[in-house]
Amino acid sequence: MIKMNTVLSPLTEIAIEGMEFYAHHGCFREETVIGTNFKVDLHLWCDTTLAQENDSLEGTINYALVYERVKKEMKKSSKLMEHVGARIIKAVKRDFPEVKKIKIKVTKINPPLGEKIAGVSVIINKDFED
């Protein structure tokens, strides 16, 4: 019998999905004046070993606080979703330095492109060096 020595990664993925915001992002004047709907999906990787052992918020990421940070950043107008996503990544990493990796998807719902389109998204992945 062959024994396999499996080493599990200490990183846990925390997903905060389907956050909806009404915001004023876009290159068209109408978008910055009238605004439109956006959806944000955020995935964070961090070591939650302590939280797994002690059943406490210490040792993990408080996703309610992360949501508040995303909400604050979504209120700041930008032309490009790429800029919005990068700004959210920087703010989350600044407030939660224990995050080792972030993936964000920012979706503009029903963009004003002249035809029916469910949404246009930008996805950004960022790994942080130790």
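In the predicted model, H43 is a buried residue, with a relative accessibility of 14%. This value counts as buried because the cut-off for that class is under 20% relative accessible area. H43 belongs to strand β2, which spans residues 36–47. The side chain of H43 is joined to the side chain of E17 by a polar contact of 3.4 Å. With residues up to four places away in sequence left out, the residues touched by H43 are E13, I14, A15, E17, K101, I102 and K103. E17 thus appears both among the residues touched by H43 and as the partner in the polar contact.

A second buried position is S78, for which the relative accessible area is 6%. S78 is located in a loop, between helix α3 (63–74) and helix α4 (81–95). A polar contact of 2.9 Å links the side chain of S78 to that of H83. Apart from residues up to four places away in sequence, S78 is in contact with H24, H25, G26, H83, V84 and R87. H83 is therefore a residue that S78 touches, and the side chains of the two form a polar contact, defined as a pair of N or O atoms within 3.5 Å.

At the level of the whole chain, four helices and four strands were assigned. Their order from the N terminus is β-α-β-α-α-α-β-β. The chain is more spread out than a compact globule, because its radius of gyration is 18 Å, well over the 14 Å that the globule rule gives for 130 residues. Along the principal axes, the C-alpha atoms occupy a box of roughly 65 × 35 × 25 Å.

Of the 130 residues in the chain, 35% are buried; H43 and S78 are among them. Among contacts with a separation of 6 or more, 60% are between residues 24 or more positions apart. The accessible surface of the chain amounts to about 8700 Å². Carbon and sulfur atoms account for 54% of this surface.

With respect to charge, the chain carries 20 positive and 19 negative charges. The mean position of the positive charges lies 6 Å from the mean position of the negative charges.

Notes:
Residues are numbered from 1 along each chain as its sequence is written. This is a predicted model: local features need pLDDT of at least 70, side-chain atom pairs count only at pLDDT 80 or more; totals for chains, interfaces and linings use all residues. Side-chain values use heavy atoms; hydrogens and water are left out. Helices (H or I, at least four residues) and strands (E, at least two) are DSSP runs, numbered from the N terminus. The radius of gyration is taken over C-alpha atoms; the globule rule is 2.2 Å times the number of residues to the power 0.38. Buried means under 20% relative accessible area, exposed over 50%, partly exposed in between (1.4 Å probe, protein chains only). Contact means heavy atoms within 4.5 Å. Accessible areas come from the Shrake-Rupley method with a 1.4 Å probe; for residues, only the protein chains shown count as cover. Lys and Arg count as positive and Asp and Glu as negative; His and the chain ends are not counted. The place of a charge is taken as NZ of Lys, CZ of Arg, CG of Asp or CD of Glu. A polar contact is a pair of N or O atoms within 3.5 Å; within protein, one must be able to donate a hydrogen and the other to accept it, and residues adjacent in sequence count only if both atoms are side-chain atoms.
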